Amino acid sequence: MLMSDHNLSDSTLPVRVVALYRFTPFEDCEAIRGPLAKLCCSLGIKGILLLAHEGINGTIAGSDEAMDKVLEHIRALPGCADLEIKESRAAELPFLRMKVRVKKEIVTMGVPGVDPRAIVGTYVDPAEWNDLISDPDTILIDTRNDYEVAVGTFQGAIDPQIATFREFPDWFRAKRDELAAQGRKPKVAMFCTGGIRCEKSTAFAKAEGVEDVFHLKGGILKYLETIPEDKSLWEGECFVFDQRVTVKHGLKQGKYSVCHACRRPVSDEDKASPLYEEGVSCPSCHDERTEAQRRRYADREQQTRLAARRGTHHLGPAE
């Protein structure tokens, strides 16, 4: 887990972290991937970017000057002039390397034909979100994975208890049928970390025939950035997919660390469990792994510690 430099204010932390996405048709992802990866690496940018025929998604970090150049490059890609971004600061680079990958989807739902460019829910700005979700007629749904929800969520939100976003469509259909059996015509509000999963989940809900569908514009990150804590309906922290692990109001780094075996967040309470061994297992994943896997993780953890003492990073096998 990265430790913030308490001698610096959030605005003066040296690393700029940018979460970004854009749904736009890319004809040749490989032609985009090469120059983008080369530019990021040449500027010392770290993180991960996903490319697919439906667009771009990812989180990257680096200096302000380097980030300006990369964002200029991305915004020049077809359809990316209005790139959606969320920014925060960090004391250190929250990634160890740079990856630019070509995938089938930039956020994997697994439902053919879902296109947020054609149909999507109504965007709700963070300033208006509290009024919407405080309405007793609104059904509030957290579209994130179960381990993300466990760290924090909005008051009154339904947790679908899904392990991956692929499970969301089946859960939503079952929930919709349950509401229909009760004679309810739902007004549905959805949210996720940065907004991209809700682009697909609300498009899916609309395609399934649900008319009143809303989602939090800019996601939880924009809400935590702009809504004062004393007016917030958010409880807990927000899981992010980098070495900061979680952020809280003002996008300040949270208190969680991460299990290097399963990449789930780990609390101080988890660390006190007999099932927790740093770099090897945590209460969430201990029973999911074999003894052979745990031995392999223990060896990797030892190599990581040796590398840290040498002042280098142990990245493991190249992907």
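This report describes a parallel sheet, a helix lying across it and one cavity in a predicted model.

## Basis of the description

The model is predicted: local features need pLDDT of at least 70, side-chain atom pairs count only at pLDDT 80 or more, and totals for chains, interfaces and linings use all residues. Residues are numbered from 1 along each chain as its sequence is written, and side-chain values use heavy atoms, with hydrogens and water left out.

## The sheet and its helix

Four strands (DSSP runs of E, at least two residues, numbered from the N terminus) form an open, parallel sheet in the order β6-β10-β9-β7. Strands pair if DSSP finds at least two bridges between them. At the edges stand β6 (122-124) and β7, each pairing on one side only. β7 runs parallel to β9 (residues 187-191), and five bridges join them; Asp142 has Phe191 in β9 as its bridge partner.

Helix α3 (residues 126-134; helices are DSSP runs of H or I, at least four residues) lies across β6, β7, β9 and β10 (212-216), where contact means heavy atoms within 4.5 Å. Helix α3 runs at about 135° to β9, with angles taken from 0 to 180 degrees between N-to-C directions of axes fitted to C-alpha atoms, for helices over the stretch in contact.

## The cavity

A cavity is a set of points, on a 1 Å grid over the protein atoms alone, where a 1.4 Å probe fits but cannot get out; lining residues have an atom within 4 Å of a point. The count is one cavity of 30 Å³ or more. The largest cavity holds about 40 Å³, the space filled by probe spheres set on grid points joined across faces, edges and corners.

The lining includes Ile139, Phe172 and Val210. Helix α5 gives the largest share, four residues.

Key
On a 1 Å grid over the protein atoms alone, a cavity is a set of points where a 1.4 Å probe fits but cannot get out, and a pocket is an open set with protein on both sides within 12 Å along at least five of seven lines; lining residues have an atom within 4 Å of a point.
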